Every structure is written in C-alpha cells, then in structure tokens.
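Colleague: I'm new to this one and would like some help reading it. Could you take me through the main features one at a time?

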Amino acid sequence: MSNGSFPPESGRRGGTLAIVLAALIPACCVAFWLLSSSPGGSKDDDADGGSGSTAPSTSSPSPSSPSATASPSSGKPLQGKVVVIDPGHNPHNRDHPSQIARLVDIGTNEKECDTTGTATNSGYAEASFTLDVARRVRTALEARGATVRFTQDGDRPYGPCVDERAEIGNTAHADAVVSVHADGAAAGQRGFHVILPKSVRGGGADTSAITAPSRLLGERLRSRFAKATGSEPAQYIGDGSGLDVRGDLGGLNLSTVPKVFIECGNMRDPQDAAELTDAAWRERAGRGMAQGITDFLNE
C-alpha cells in the first residue's frame with residue numbers, strides 16, 4: 001500500500017497539515033517562553049497577597065549590596081571600644097580585715113585599701129549586689145561589640161585596693177570606666193546618684209583632663225539608669241540632681257580615663273532594698289547602665 005495506495009487529494013491535505021503544524025509549534029514554544037519568563041509570570045510574586053507586581057524580589061540581595069557583603073561584626077555600635085567595669089568592694093574583704101585596712105596613696109592624701117561595703121537589713125551584701133549588676137552590664141556591652149574588663153570578678157582573696165582599681169582602667173586605656181556601688185545612708189533616704197571626679201591635682205592625682213568627659217559619661221548614665229529602672233535621683237545628696245562631685249575617692253583621683261561611680265540605691269532603706277534585691281530590677285539596672293555607656297561612647 002505504500003506505493004501510491006492513497007488518492008492524490010488525501011496526500012495534498014496531509015502535506016498541508018504537516019506544514020501548518022511545523023509553523024505553529026515553534027510559535028507556541030516562543031509564546032510559552034515569553035509568558036513564563038515575564039516578571040509577573042511567577043505565582044510566588046502574589047504570595048503576600050499582591051496583584052502580580054513587577055517589582056524585583058529583595059529576598060536574595062545581590063553580591064554588590066551592603067547587606068550581602070557586611071561582616072558578622074558590622075552593626076555593633078561598640079566594636080573596638082574598651083570598657084572597664086569596677087564592681088565595688090569584694091565578697092571576701094570581710095575575711096581580710098588587716099589587708100583592706102592598710103593605707104594607700106590616692107594622690108591628695110591616704111585612704112584605706114578597700115572596705116567591706118554595706119548591706120541590706122536582711123544581710124544582702126553590697127559586694128554581692130555590685131558583682132551581679134556588673135555581670136549584667138558586661139553581657140549587654142559585649143553583645144554590642146565592646147571589650148569589657150573587670151577590676152575583680154569574685155576571683156581575688158580581697159580588693160583590689162582603690163589605687164589598683166584606678167590603675168586597671170588606666171592600663172587598659174579604657175574608653176570609659178564605671179564603678180558600681182550601692183549606698184548605705186539612713187533609712188528614708190532613697191534614690192540613686194552618680195559620683196563625678198572633682199578637678200584635683202596633687203601627688204599622683206591629676207583629673208584635669210577627665211573631669212569634662214567624666215561628667216558627660218555621668219549624665220548619660222543618670223538618664224538611662226533612671227529610665228530603665230524608674231528610680232528617682234537621690235534627694236539627700238547632690239541637690240537632687242543625681243550627680244555628686246567628689247575629690248576624696250582614690251578610684252577617681254588616680255584615673256587618667258573617663259570614670260564615674262554609680263550608687264544604685266540605698267541598701268539601708270526598705271523600699272530601695274526591695275528593688276536592689278530583686279533580680280528583675282537588677283537586670284533593668286544593668287541594661288540601663290549599658291545603654292548610658294553606649295550613649296557616651298557614641299557621642
């Protein structure tokens with residue numbers, strides 16, 4: 001049947017159909033390719049409820065975009081900064097009375113190496129409080145890229161003495177130093193305050209270069225601490241400003257870098273003591289202090 005078995009008319013119709021199909025198939029393929037490759041052709045463009053917008057996707061940044069090339073440490077505001085945190089006193093000072101009682105030179109005169117600090121009526125020691133809060137400050141600052149050093153972390157038999165505490169910050173070339181304390185005033189006297197260095201010069205003390213930046217550090221610390229904790233500046237000292245200037249503290253007199261003390265509250269007042277012994281409050285205090293330091297270092 002293959003040799004002339006179909007009529008001539010049928011052969012012409014079959015040939016024509018083949019020609020038409022041959023022309024249509026490439027055209028259909030081109031149309032399909034154009035539809036599937038158009039910006040609005042992907043169903044994923046409507047995943048957020050949109051109407052097929054032609055805006056390019058931003059889920060995968062190009063290699064040249066900042067977010068694609070940023071290093072893991074980028075965006076940390078305190079990268080390269082050194083902060084020294086000085087937890088006041090030492091839990092073991094009470095076991096070394098003669099060592100902490102010896103006098104050391106603070107530039108303008110002599111003072112005891114250290115003291116035991118105060119405590120709440122229930123026996124919660126200032127030295128325990130300062131270590132706890134200091135560690136919370138360290139956690140927050142390190143998360144922001146800072147290098148944080150302690151004068152002591154409960155790992156020394158006593159002290160260090162006040163002159164060595166100052167020297168630790170100086171040797172570290174710290175950008176800021178904060179000494180953490182709690183006050184031991186009379187009951188009924190509430191609130192916190194920040195102690196700033198007085199401009200003194202004598203012996204090994206010369207604070208003339210650090211009084212201005214230390215005041216700025218103190219102001220930032222006061223603002224952020226109050227906001228974080230809800231505490232009010234003490235009314236019994238510093239004229240209610242929350243700032244007090246002193247020239248009798250070796251830790252400040254001997255410092256060559258910006259440094260302040262913060263008295264976080266009065267441990268001898270029942271209302272303040274209730275806050276100081278509350279872990280949630282101490283967490284807020286630590287974060288507030290860390291933010292105050294951050295503000296100062298980003299000035």
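Modeller: We'll go through the sheet, the disulfide, the cores and one helix residue in turn. This is a predicted model, where local features need pLDDT of at least 70 and side-chain atom pairs count only at pLDDT 80 or more, while totals for chains, interfaces and linings use all residues. Residues are numbered from 1 along each chain as its sequence is written, and side-chain values use heavy atoms, with hydrogens and water left out.

Colleague: Let's start with the sheet. In what order do the strands of the open sheet come?

Modeller: General idea to begin with: strands of a sheet pair through backbone hydrogen bonds, either parallel or antiparallel. Helices (H or I, at least four residues) and strands (E, at least two) are DSSP runs, numbered from the N terminus, and two strands pair if DSSP finds at least two bridges between them. Here six strands make an open sheet, in the order β4-β1-β5-β10-β6-β9, with mixed pairing. The edges are β4 (147-150) and β9 (243-246), each pairing on one side only. From one strand to the next, the twist averages 25°.

Colleague: Which residues stand opposite each other where β1 pairs with β5 and with β4?

Modeller: Strand β1 (residues 82-87) runs parallel to β5 (residues 176-183) over five bridges, and there Asp86 sits opposite Ser179. With β4, β1 pairs in the parallel sense over four bridges, and Val82 stands opposite Thr147.

Colleague: What lies across these strands?

Modeller: Helix α5 (residues 162-171) lies across β1, β4, β5 and β10 (259-266), at about 165° to β1. For that angle, axes are lines fitted to C-alpha atoms, for helices over the stretch in contact (heavy atoms within 4.5 Å), and angles run from 0 to 180 degrees between N-to-C directions. As for β4, Val148 and Phe150 are on its covered face, with Thr147 and Arg149 on the uncovered one.

Colleague: How many disulfides are there?

Modeller: A disulfide is a pair of cysteine sulfur atoms within 2.5 Å. By that rule there is one: Cys113 and Cys161, with sulfur atoms 2.0 Å apart. The link is left-handed, with -90° about the S-S bond. Cys113 lies in the loop between β3 (110-112) and α4 (126-143) and Cys161 in the loop between β4 and α5, so the pair ties together parts 48 residues apart in sequence.

Colleague: Is Cys113 buried or exposed?

Modeller: Buried means under 20% relative accessible area, exposed over 50%, and partly exposed in between (1.4 Å probe, protein chains only). Cys113 has a relative accessible area of 0%, so it is buried. Cys161, at 5%, is buried too.

Colleague: Which residues touch the most other members of the largest nonpolar core?

Modeller: In soluble globular proteins, nonpolar side chains tend to be buried together. A nonpolar core is a set of buried Ala, Val, Leu, Ile, Met, Phe, Trp, Tyr and Cys residues joined through side-chain atoms within 4.5 Å. The largest has 36 residues, and those touching the most other members are Ile85, Phe129, Leu141, Val178, Cys264, Met289 and Ile293. Helix α9 (279-297) gives the most to this core, with seven residues. A second, separate core of six residues includes Val82, Val84, Ala174 and Val177.

Colleague: And what does Cys264 touch?

Modeller: Not counting residues up to four places away in sequence, Cys264 touches several residues, among them Phe129, Val180, Trp281 and Met289. Cys264 is buried because its relative accessible area is 2%.

Colleague: Last one: where is Ala226 found?

Modeller: Ala226 is in helix α6 (residues 211-229), and its 22% relative accessibility makes it partly exposed. Leaving aside neighbours within four places in sequence, Ala226 is in contact with Phe192 and Ser231.
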